[in-house]
Amino acid sequence: DGLRRWRRLRTLHAMNLFKERIRSVEFTEPSERISLFSRLRDGQRAAHEALVRHVEVVPGLLPPHMSSKKVAAWQNEAVRLHMTWLAEVASWMSRLHEHENGVDAQAHELLDALLAEVLEYKGYPEDECRALVDQECGSVVRERRAAAEQLLEGTSKFLEWQAGEWHSFAVSMSDWLSGLAKLFEEHKSKMASNESEVRSTLKGRRDQ
């Protein structure tokens with residue numbers, strides 16, 4: 001009985017050490033993930049600053065120097081900025097998921113090693129031991145995975161929402177510029193037509 005209790009204590013001790021490690025920052029806040037998020041934030045800041053700079057050129061597009069060509073060029077650049085940022089977001093999320101898959105694989109390797117270790121202790125019958133490891137330690141691995149996936153999903157949804165907000169603003173600005181350019185060019189065309197008519201009338205009177 002004493003030997004069996006000792007074997008069970010070794011089993012439980014190994015399992016507790018495993019759970020502590022999986023719940024530590026090594027697995028819940030890996031340094032590589034933190035680095036990826038930091039670089040993602042840098043990209044996010046740069047994308048926003050690029051959009052702000054693009055909006056800041058709008059006053060230079062307004063009358064009397066306005067033209068549909070200039071407005072179209074501004075619109076094309078706004079679309080390019082949006083598509084570029086969406087591609088960057090997809091790339092960063094892909095890296096984050098790839099990293100998470102690696103962390104999850106490492107956790108499962110440690111879980112397999114733990115199972116092999118405690119089976120050697122023979123503190124419990126094999127089936128009972130396997131069930132115990134899965135219940136006590138496998139659940140911790142699954143909980144860590146679920147939390148990581150929830151974090152990445154929330155990040156992806158927020159970035160998609162934010163990009164959509166930026167794009168909606170750019171589209172509203174684009175529509176306003178298009179409408180203003182149309183009115184301005186129609187006005188210019190009408191003024192040119194009126195001026196031509198006045199000149200023609202004056203010329204006719206001089207010729208009489």
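This passage describes the overall form of a predicted model of a protein chain, then its largest pocket and two local features of its backbone.

The secondary structure of the protein chain consists of 5 helices and 0 strands, and, when the chain is read along its sequence, these elements follow the pattern α-α-α-α-α. Among the helices are H3, which covers residues 31-56, and H4, which covers residues 68-121, followed by H5, which covers residues 126-207. The C-alpha trace spans about 130 × 25 × 15 Å along its principal axes. In keeping with these dimensions, the radius of gyration of the protein chain is 33 Å, whereas a compact globule of 208 residues would have a value near 17 Å.

Of the 208 residues in the protein chain, 33% count as buried. The surface that the chain exposes comes to about 13400 Å², of which carbon and sulfur atoms supply 54%. When contacts in the protein chain with a separation of 6 or more are considered, residues 24 or more positions apart account for 86% of them.

The largest pocket holds about 230 Å³ of space, and its lining is made up of 16 residues. Ala47, Leu81, His82, Trp85 and Trp166 are the lining residues that lie nearest the centre of this pocket. Helices H3, H4 and H5 each supply at least two residues of the lining, and the most is given by H4, with 7 residues. Sorted by class, the lining of the largest pocket contains 10 nonpolar residues, together with 4 polar and 2 charged ones.

Two features of the backbone were identified in the loops that lie on either side of H4 in the sequence. In the loop between helix H3 and helix H4, where Pro64 is placed, a cis peptide bond joins Pro63 and Pro64, with an omega of about 10 degrees. In the loop between H4 and helix H5, where Lys122 is placed, the phi angle of Lys122 is near 55 degrees, which is a positive value in a residue other than glycine. Lys122 is also classed as exposed, because its relative accessible area of 57% is over the cut-off of 50%.

Definitions and conventions. Residues numbered from 1 in each chain as written. Predicted model: local features only at pLDDT ≥ 70, side-chain atom pairs only at ≥ 80, totals over all residues. Heavy atoms only, no water. Helix = DSSP H or I, 4+ residues; strand = E, 2+ residues; numbered from the N terminus. Buried < 20%, exposed > 50% of the residue type's maximum accessible area, 1.4 Å probe, protein only. 1 Å grid on protein atoms, 1.4 Å probe; cavity = no way out; pocket = protein on both sides within 12 Å on 5 of 7 lines; lining within 4 Å. Points joined across faces, edges and corners; volume = space filled by probe spheres on them. Nonpolar A, V, L, I, M, F, W, Y, C, P; charged D, E, K, R; others polar. Rg over C-alpha atoms; globule rule 2.2 N^0.38 Å. Contact = heavy atoms within 4.5 Å. Areas by Shrake-Rupley, 256 points an atom, 1.4 Å probe, with all protein chains shown as cover.
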